[in-house]
Structures are given as structure tokens and as C-alpha cells.
Amino acid sequence: MEFSDVLRQRRSIRAFSDQVVPDELVRALLEESLASPSWSNTQPYKIGVLSGADVAPLGRELTERFHRLMKIQRQKGVKRLLAAWRDRGALPDGDFRPVVQYPADLQPRRVATGHGLYELLGIARGDKAARDEQMARNFSFFDAPVVLFLFAHKGLGVYSALDAGIFLQSLMLAAANRGLGTCAQGALGLWRSPVAARFDIPEPYQLLCGVALGYPAPDAPINRFQPPRVGLEELLLPRA
Ligand SMILES: Cc1cc2nc3c(=O)[nH]c(=O)nc-3n(C[C@H](O)[C@H](O)[C@H](O)COP(=O)(O)O)c2cc1C
């Protein structure tokens, strides 16, 4: 593919076919992504890869935690505190606090993206159960046959996250170039412990997010979703 086509055609894939992705192909994508630039070439990131029979058990574990967390969040006030205390194991133990309150200037973009996705799926605005169900699909990686976990070294602070983000984009573009689909998943950073039980993670590395990887399910409407981008006039700073 032309590079500009790869850039334009990559989109988040949230329905995967069951076609196996050979381990050699995953390794080839990661090797290509290692060409990414990084701060003083420190390459302050690590990747955990799960594929084949290892994927579904983690998916079940995370999905179960998600439903327990939802049960807590459905309560109000003191009841919520009590439920959280009773089921402490369901609370997020990720390395970063989940974003609960979006900045006012960014919230409209987030809302428009969410509404667009639900509209395409035929989920009504008030249908909380269906929305939770769609959210839950994150935790079984949208049935992807491969899931990757991206870690950044805490010693470089925000610059490690920047470098990891560049690596992530390289990986997603490398995958798109070979006809594979990806979905970066911040949701997979909510719980560290189930991931930490599966990988030997050096102490300074923090879990940023996961990435679902596989062949896109053909004809799945959700894979057609293309949320709009801001225009150049909104991107560019006016001169002072
Ligand atoms: C760091 C990061 C985290 C993301 N987390 C999630 C997620 O948890 N679940 C999800 O469905 N999409 C997630 N996305 C995908 C975004 O929603 C998506 O990139 C955005 O809506 C633009 O759509 P596109 O990727 O199809 O161009 C994430 C993307 C990034 C870059």
C-alpha cells in the first residue's frame, strides 16, 4: 500500500475474524515497529504478547472484573462505598488512574465519538445495559486472536509515554499495511494484576494500554466506524 493510504485506511477494528495470526507475523510487525524514534534512543517500552489459547482465559478474567466493577458503579452514595469496600478486588489496580472526568473542551469530541459508535450499532442513547455490554467487549479484546500489552518505563516520565505512543502508532500502521486490524485499548490498562500474573514485568515498567490485533471480521458494521477529525483551523494555533 502507498504510505498515505495506510495512514488514511487504518482505523480501530472492534470485530475480528477467527483467522489465526502466525507468531512469526506478530514478531515481524514488532520488529518493523522497532524502527520508531525515541527519546535519546532509550526505547523505554516493553510489550507483552498473548496469543492462541492464552487469550480467552485472560479475557474471561477481565470481563468478570468489569462486570463486578459495573455492579459497584451502579450503586449511589454510601451504598457505592460499601459495595466497593466489600468487593475491593474488583477496583482498578492499574498503574494510572482511569480518566473519569474529561476536560470541558475535549468532552464534546468524546461524546460525539461515543454517540456515533452507538448509533452505528443501533444502541439507543438511554440503553445503558447495551452500552455496558459494548464496553464489556473491550475485555475480551473484541475476539481478537492476539492481544498486546504496552508498558512504559516510569523513569522518563511523560517522555516514555510519548515514545511508547510513537511505537504504538508504528505497530498499528505496520499491521494495517499487511491487512491486519488493531484497536488500541486504554481499557486494558484498568487492571494490572491479571496482566502481571502472565508476564515477568521489570519493576520500572508501567502498563499503559493494550492492543487487540487480528484480521478484521469482514462486513462487521462496527469496523466501518470513522469518527471525524478536527480541521486544520482547529488544530493550528493562531499567532499571538
Ligand atoms: C491510547 C488509546 C487508547 C484507546 N482506548 C480504547 C479503548 O479502550 N476502547 C476502544 O474501543 N477504543 C479505544 N481507542 C480507540 C479510539 O477510540 C480511536 O482511535 C478513535 O476513536 C479514532 O478512531 P480510529 O482509530 O478508528 O481512527 C483508543 C485509542 C488510543 C490511541
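**Notebook: a predicted model, looked up residue by residue**

**Entry 1. A strand residue and its surroundings**

I began with Val-211, which counts as buried at 2% relative accessibility. For this label I used the following cut-offs: buried means under 20% relative accessible area, exposed means over 50%, and partly exposed lies in between, with a 1.4 Å probe and protein chains only. I noted that the model is predicted, that local features need pLDDT of at least 70 and side-chain atom pairs pLDDT 80 or more, while totals for chains, interfaces and linings use all residues. I also noted that residues are numbered from 1 along each chain as its sequence is written, and that side-chain values use heavy atoms, with hydrogens and water left out.

Val-211 belongs to strand β4. Helices (H or I, at least four residues) and strands (E, at least two) are DSSP runs, numbered from the N terminus. I then looked up the separation of Val-211 and Ala-144: their C-alpha atoms are 9.4 Å apart, with the two positions 67 residues apart along the chain.

**Entry 2. The ligand site**

Which residues come nearest to the ligand? I found Ser-12, Arg-14, Asn-138, Gly-186 and Arg-229, out of 14 residues around the ligand. Here a residue is near a molecule or strand if one of its heavy atoms lies within 4 Å of it.

I sorted the shell by residue class and obtained 5 nonpolar, 5 polar and 4 charged residues. In this sorting Ala, Val, Leu, Ile, Met, Phe, Trp, Tyr, Cys and Pro are nonpolar, Asp, Glu, Lys and Arg are charged, and the others, Gly among them, are polar. Strand β3 (residues 181–185) gives the most to the shell, with 3 residues.

Next I listed polar contacts, each a pair of N or O atoms within 3.5 Å; within protein, one must be able to donate a hydrogen and the other to accept it, and residues adjacent in sequence count only if both atoms are side-chain atoms. An oxygen atom of the ligand lies 3.0 Å from an N or O atom in the side chain of Arg-10. A nitrogen atom of the ligand is 2.8 Å from an N or O atom in the side chain of Asn-138. At Gly-186 the partner is a polar backbone atom, 2.7 Å from a nitrogen atom of the ligand. The ligand taken alone exposes 620 Å², and the protein buries 67% of that. Such areas come from the Shrake-Rupley method with a 1.4 Å probe; for residues, only the protein chains shown count as cover.

**Entry 3. Salt bridges**

I counted 11 salt bridges, a salt bridge being a side-chain nitrogen of Lys or Arg within 4 Å of a carboxyl oxygen of Asp or Glu.

Asp-5 pairs with Arg-8, their closest N and O atoms being 3.6 Å apart. Why are these two separated by about one helical turn? Asp-5 and Arg-8 are so separated because they stand 3 residues apart in helix α1 (residues 3–9). Asp-5 is partly exposed at 26% relative accessible area, whereas Arg-8 is exposed at 57%.

Arg-109 and Glu-234 meet at 3.2 Å, N to O, in another salt bridge. This pair links distant parts of the chain, 125 residues apart: Arg-109 is in helix α5 (residues 107–121) and Glu-234 in helix α9 (residues 232–235). Arg-109 is partly exposed, at 42% relative accessibility.

Lys-154 and Glu-203 form a salt bridge at 3.0 Å, N to O. Lys-154 is in the loop between β2 (146–153) and α7, Glu-203 in the loop between α8 (193–196) and β4 (205–214), and 49 residues separate these distant parts of the chain. I recorded Lys-154 as partly exposed, at 42%, and Glu-203 as exposed, at 59%. Finally, salt bridges that share partners join Glu-64, Arg-68 and Asp-87 into one network.

**Entry 4. Positive phi angles**

I looked for positive phi values in residues other than glycine. Gln-43 has phi near 45° and sits in the loop between α2 (23–33) and β1 (45–51). Phe-141 has phi near 60° and lies in the loop between α6 (128–136) and β2. Are these residues buried or partly exposed? Gln-43 is partly exposed, at 30% relative accessible area, while Phe-141 is buried, at 0%.
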